[in-house]
Structure formats: structure tokens, C-alpha cells
Amino acid sequence: IGFIVSRLISGPGSPLQRPIRNFFTRPIPVLGILLVVGRLLNELGLGARAQGIVESRTVMTLVTVWLIFSAIDLFRAKRRDNFIAQGRADAHILGRPMSNALKLITLLAATLVWLNNSGVQISALLAGLGIGGVALALALQKPIEDLLGAVSLYSQQPMQTGDLCKYGNILGSIEEIGLRTTRIRTLSDTLVSVPNCIIAHGAIENYSARKKMLYHPDLPIRYDTSVEQMQAIINEIDGMAREHKKVIKDSVRVRFTEFAANAMIIKVRLYIDESDFSLYLQVVDELNLAIMGIVQRNGGHFAQGATTVMLENTESPHLPASS
């Protein structure tokens with residue numbers, strides 16, 4: 001029956017076929033057999049020694065622990081496959097410590113139940129475990145905080161492995177989100193490890209989460225540019241941007257915004273329909289070259305870093321006229 005049920009739930013070729021088949025063909029049948037045999041032995045009658053073994057439920061406790069362990073492993077395998085299907089292959093790193101913690105709790109609870117069924121007074125043992133648990137929790141406060149931080153990062157997903165992120169003044173790609181620390185590979189190829197309890201409560205700017213990217217250059221144009229030239233430059237930049245296949249047309253804004261100290265400023269604001277940074281730089285290169293060509297064709301010049309000096313040539317009445 002267990003084999004048939006496992007085939008109905010998970011067919012051949014499924015990654016969960018083996019853990020599901022093991023679950024339905026190993027601990028569950030053994031548990032059913034023990035229940036039937038126990039009921040039969042009670043009907044037939046047991047001796048004093050056999051009755052003590054049955055009352056302690058030793059075998060039943062072991063099989064129950066086995067069943068719970070198998071269920072935990074099956075749930076972990078299911079979650080791992082879900083994470084892989086969602087493209088979160090690194091998220092299953094939490095599966096092992098969490099499953100081990102659940103197994104440890106199960107084993108501890110089963111041991112206490114077995115001791116109680118065997119006639120052992122467990123009140124003093126429970127008190128000792130409570131005091132020891134408090135001491136252990138205090139000793140492991142920081143590691144537990146880091147583990148909870150990892151759980152927060154994996155559940156809320158502010159970032160994933162490979163994302164380009166900025167945390168504080170650290171900019172780089174997320175190399176690994178571990179149980180204790182998150183490792184960031186900076187643009188200088190250095191490796192920065194940040195404790196999870198800190199990064200989980202900080203402001204994380206995820207550049208890889210962008211669906212579009214902003215292009216916003218400020219163009220300083222010299223003051224000797226005429227009104228007609230400025231208008232032609234603005235119109236041509238606007239038209240060029242709207243015709244580019246990677247530019248979101250409704251986002252294009254080209255405006256003459258201010259008179260600066262040494263230049264007249266044209267601001268270009270538009271969004272590029274690209275989320276990959278390297279591809280975005282290719283589009284930026286194309287737009288920058290196109291803008292340079294437009295300014296040059298219309299007789300304009302950029303004034304970045306230049307200072308305009310106006311010289312007035314007048315003849316003084318006190319100086320002799322030049323020959």
C-alpha cells in the first residue's frame with residue numbers, strides 16, 4: 001500500500017520520488033505493524049516482563065522518532081526543490097541547520113517521554129534542562145542573532161547571491177549569504193564579511209532589482225551658443241532619444257534648466273529599458289556619442305571646467321593712437 005501511494009504522489013523521474021517512497025514504505029508500515037502487533041499481544045495476554053516493555057513503549061518511541069525524522073527530511077527536500085525552481089538555489093542552506101534543530105528537539109522530547117513511561121521522575125531533569133538552556137542561550141546569543149538574521153534575509157529576499165548591492169559605503173556583488181555572515185565582493189575585488197544580524201537591520205540598496213535604469217547627464221553648453229543653436233540641440237537630443245530602441249519614450253525629458261557660473265545647463269532625463277549593468281553601459285555609450293555629435297553639428301561646445309573671460313577693447317583718450 002505504501003509503495004502504491006508513493007507512486008501516486010510522485011511518479012518516476014521526480015526529484016522527490018526516493019524520499020517519498022522511503023517515507024511511505026519504511027516508517028509508516030513499521031508503525032502500522034507495531035500497532036497491530038501491540039493490540040494482538042494485549043488480547044493474548046502478556047507476562048510481567050513483557051508488560052513492562054510494552055508500557056515503556058520503547059519500540060514505539062523509536063519508530064515514532066524515525067517517522068518524524070523521515071517527515072522532516074521529506075519536507076526539507078520539498079523546500080529545496082521549490083527554492084531551486086524559484087531560482088533561489090542558495091536559500092536551501094538553511095535547511096540543514098533547521099532540520100537538525102527540529103530533529104534534536106524531537107529526540108529530546110522522545111527521550112523525556114520514554115523516561116517518564118519507564119517510571120523515571122523527570123521533574124528534576126526538566127529543571128536542570130531549563131537552567132542549562134538559559135545558560136546555553138546566553139552563550140550562543142550572537143550566533144543565534146546571526147542565524148535569525150539569515151532567516152530574515154532568506155524570507156524577505158532583499159537580495160540574492162549575485163546581486164549588485166550597496167550596504168553603507170560598501171558596493172559590490174553578493175557572493176554568499178551564509179549562516180553567520182554575508183560576503184560581499186567589492187568592485188576592487190576585495191571581500192567584505194558582514195554579520196547577518198547587522199545587515200538584516202540595515203538599509204540595503206539592491207541595484208540588480210531595477211527593472212529600468214536612469215540616464216541623467218547634465219550638459220554644460222558655452223555662453224557663446226545662440227538661442228537657435230540651443231533650441232536645435234535640445235530638439236535633436238529629444239528626437240534621438242525617442243528613436244533609440246532601448247529608451248522608454250514616455251520618460252524622455254530634455255530641458256534647458258539653468259544659467260550656471262560658466263555654462264548653460266541642459267538636463268537630460270530618461271529611463272533605459274535594461275536591468276543588466278553592462279548592457280546599460282553600452283546604451284549609455286551610444287547615447288553619449290550621439291549627444292556629442294548633435295552638439296558639434298549645431299556649432300555648440302561643451303563648457304565643462306572652462307571659465308569665460310570677456311575682454312573689452314577700448315581706446316583711451318590719454319594714449320596716442322597706434323599707427
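These are my notebook entries on a few helices, one sheet and some salt bridges in this structure.

**Entry 1: what I am looking at**

I am working from a predicted model. I keep that in mind for everything below.

**Entry 2: helix α3**

I started with α3, which covers residues 27-44. I checked its length against the rule of 1.5 Å a residue: its 18 residues should span 26 Å, and the end C-alpha atoms are 26 Å apart, so the two agree. Just after α3 I found Gly45 with a positive phi of about 95°.

Next I looked for greasy surface. Ile33, Val37, Leu40, Leu41 and Leu44 make up a nonpolar patch there, with about 460 Å² of accessible area together. I picked Leu40 to look up, and its place is in α3. Leu40 comes out at 48% relative accessibility, so I have it down as partly exposed, because exposed would need over 50%. The spacing in the patch sent me back to a textbook point: an α-helix has 3.6 residues a turn, so residues three or four places apart point the same way.

**Entry 3: helix α5**

I ran the length check again on α5, residues 58-85. Its 28 residues should span 40 Å, and I get 41 Å between the end C-alpha atoms, which agrees.

Which residues of α5 are buried? I listed Thr61, Val63, Val65, Leu67, Ser70, Ile72, Leu74, Ala77, Asp81 and Phe83. I noted that Asp81, Thr61 and Ser70 are among them.

**Entry 4: the five-stranded sheet**

I traced an open sheet of five strands, in the order β4-β3-β2-β1-β5, with antiparallel pairing. Its edges are β4 and β5 (204-206), each of which pairs on one side only. From one strand to the next, the twist averages 40°.

Then I went through two of the pairings. β1 (residues 164-167) and β2 (residues 170-177) are antiparallel and share four bridges. Within this pairing, Tyr167 has Ile170 in β2 as its bridge partner. β3 (residues 181-186) and β4 (residues 191-195) also run antiparallel, joined by five bridges. The hairpin of β3 and β4 has four residues between the strands, and Asp189 there takes a positive phi near 70°.

**Entry 5: Ile184**

Is Ile184 buried or exposed? I read 2% relative accessibility for Ile184, so it counts as buried, the cut-off being under 20%. Ile184 sits in strand β3, and its bridge partner in β4 is Val192. I also took the C-alpha distance from Ile184 to Gly162: 9.4 Å in space, with their positions 22 residues apart in sequence.

**Entry 6: salt bridges**

How many salt bridges are there? The count comes to 10, and I looked up three of them.

The first was Arg185 with Glu175, whose side chains meet at 3.0 Å, N to O. Arg185 lies in β3 and Glu175 in β2, so the pair ties together parts that are 10 residues apart in sequence. I checked exposure on both sides: Arg185 is partly exposed at 26%, and Glu175 is partly exposed at 31%.

The second was Glu236 with Arg297, a salt bridge at 3.4 Å, N to O. This pair links distant parts of the chain, with Glu236 in helix α10 (residues 227-243) and Arg297 in helix α11 (residues 277-297), 61 residues apart. Glu236 is partly exposed at 32% relative accessible area, whereas Arg297 counts as exposed at 60%.

The third was Lys246 with Glu274, at 3.0 Å, N to O. Here the link runs between loops: Lys246 is in the one between α10 and β8 (253-259), and Glu274 is in the one between β9 (264-272) and α11, 28 residues apart. Lys246 is partly exposed, with a relative accessible area of 28%. Glu274 has 12%, so I marked it buried.

**Entry 7: a network**

Last, I followed shared partners. Salt bridges of that kind join Glu175, Glu176, Arg183, Arg185 and Asp189 into one network. Two names in it were already in my notes: Arg185 and Glu175 form the salt bridge between β3 and β2, and Asp189 has the positive phi in the hairpin of β3 and β4.

Notes
Residues numbered from 1 in each chain as written. Predicted model: local features only at pLDDT ≥ 70, side-chain atom pairs only at ≥ 80, totals over all residues. Heavy atoms only, no water. Patch = residues over 30% accessible without salt bridge, like charges linked within 9 Å, V, L, I, M, F, W, Y side chains within 5 Å. Areas by Shrake-Rupley, 256 points an atom, 1.4 Å probe, with all protein chains shown as cover. Salt bridge = Lys/Arg side-chain N within 4 Å of Asp/Glu carboxyl O. Buried < 20%, exposed > 50% of the residue type's maximum accessible area, 1.4 Å probe, protein only. Expected span 1.5 Å × (residues − 1). Pairing = 2+ DSSP bridges. Axes fitted to C-alpha atoms, helices over the stretch in contact; angles between N-to-C directions.
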